[in-house]
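Here is a short tour of one sheet and of the packing around two valines. Please keep the structure open beside the text as you read.

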Amino acid sequence: MLTLGAQDFKENTYNFSGALKAVCLEPSNSSGVGPEQGTLSKGDGKAFLVGTSQGKLILQRPSGWFRSSQKEVVLFPGAGSGVTSIAWEGNLVAWADASQVRVMDISTQTALCQMSAPVGVGPEEPYPCSLCWLSPKDLLIGWADNFRHVRMSVPVAGVDSDLNGKVASILAEWSTDCLICGLHGFDEDHVVYLGYTPPMEEDEEEGSEMQDEEELADMGAHPSNQPELIVAKRKTGELVSADQLPMKGFNMNGPEGYILLSSYQCKRNKGSCSKWQLRTFQSQRGGTRGFAPLFFIASPQDMVVARVRDINDR
């Protein structure tokens with residue numbers, strides 16, 4: 001693995017025992033591994049997490065007097081399948097493999113919970129899992145056609161105290177009519193996700209290859225596998241808007257070929273998701289007032305930037 005410093009463009013090379021499947025940089029609000037560390041990164045050093053094809057979750061953090069070297073810490077030894085995604089917020093890290101999502105308190109290296117994949121997802125039927133922290137206690141999970149909003153909260157009486165004061169409860173769960181290949185918060189009440197619908201299989205007996213796109217649309221099917229940027233209500237999954245993206249080379253990509261990024265991931269925009277509501281700012285003078293996010297949809301062939309339309313648009 002090769003890293004490049006954002007300030008001095010200094011290159012660093014790291015070698016791992018297995019192929020890397022996921023990488024996650026330390027967020028600005030982490031508080032470190034172990035009480036003696038304080039913060040993971042002071043000065044120029046930056047900690048990061050990697051997930052390998054064997055399922056290992058590995059932390060690389062600065063060490064030494066001048067924090068000029070890196071120390072490798074294996075947080076999870078693996079469960080037989082590769083890590084597909086990692087999300088890090090504050091002290092909490094969530095990661096997914098082919099069959100489960102796990103959450104750990106990285107400050108104490110304590111496992112907090114694990115959640116099984118939706119029905120139909122597993123090593124034999126792998127689908128990308130999207131993880132997003134809305135806040136240090138709210139985790140969004142998009143896996144195949146399943147959405148979950150998970151809240152890390154104080155346990156009720158009778159719950160094992162080894163959970164370090166945090167347990168997971170599902171606040172909302174619903175299904176989509178497509179595969180989720182990217183997920184982020186949108187506003188106080190909505191989420192945005194990137195949807196992918198696999199191409200319809202040809203039916204030789206019915207001669208489906210002779211049907212045109214209008215006939216497929218009448219049947220409620222997607223005529224192509226173009227990705228869609230979808231805004232839905234967080235609690236119920238009810239669709240608010242869906243925009244098909246005519247990205248270059250879309251017919252060459254599967255759901256793993258797309259990535260959805262949000263301006264809420266930037267330090268200065270943290271928390272803006274809860275500061276506005278779509279229904280309010282679409283009807284008020286002044287529009288979204290800078291709270292609405294920008295979204296970046298990328299594939300190997302193309303990139304699209306999407307922004308919220310408000311009352312100021314003509």
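## Val-101 in its strand

This is a predicted model, and a good place to begin is strand β9, which spans residues 100–105 and holds Val-101. With a relative accessibility of 1%, Val-101 falls under the 20% cut-off and therefore counts as buried.

Who surrounds this residue? Beyond its neighbours up to four places away in sequence, Val-101 touches Trp-95, Ala-96, Cys-113, Gln-114, Met-115, Cys-129, Leu-131, Ile-141 and Trp-143. Met-115 lies 14 residues from Val-101 along the chain, with 5.1 Å between their C-alpha atoms.

## The nonpolar cores

The largest nonpolar core is made up of 38 residues, and Val-103 and Ile-297 have the most contacts inside it. Setting aside neighbours within four places in sequence, the contacts of Val-103 include Val-93, Trp-95, Leu-112, Met-115, Trp-133, Leu-139 and Met-152.

There is also a second, separate core of 16 residues, with Cys-24, Ile-86, Val-93 and Ile-106 among them.

## A four-stranded open sheet

Now to another part of the model. Four strands form an open sheet in the order β15-β16-β17-β18, and their pairing is antiparallel. β15 (179–185) and β18 (239–244) are the edge strands: each has a single partner strand, so one side of each has no neighbour in the sheet. On average, neighbouring strands here are turned by 20 degrees against each other, direction ignored.

How many bridges join β17 to β18? Five bridges link β17 (residues 228–233) to its antiparallel partner β18. One of the residues to look up is Glu-228, whose bridge partner in β18 is Gln-244.

Notes:
Residues are numbered from 1 along each chain as its sequence is written. This is a predicted model: local features need pLDDT of at least 70, side-chain atom pairs count only at pLDDT 80 or more; totals for chains, interfaces and linings use all residues. Side-chain values use heavy atoms; hydrogens and water are left out. Two strands pair if DSSP finds at least two bridges between them. Helices (H or I, at least four residues) and strands (E, at least two) are DSSP runs, numbered from the N terminus. Axes are lines fitted to C-alpha atoms, for helices over the stretch in contact, and angles run from 0 to 180 degrees between N-to-C directions. Buried means under 20% relative accessible area, exposed over 50%, partly exposed in between (1.4 Å probe, protein chains only). Contact means heavy atoms within 4.5 Å. A nonpolar core is a set of buried Ala, Val, Leu, Ile, Met, Phe, Trp, Tyr and Cys residues joined through side-chain atoms within 4.5 Å.
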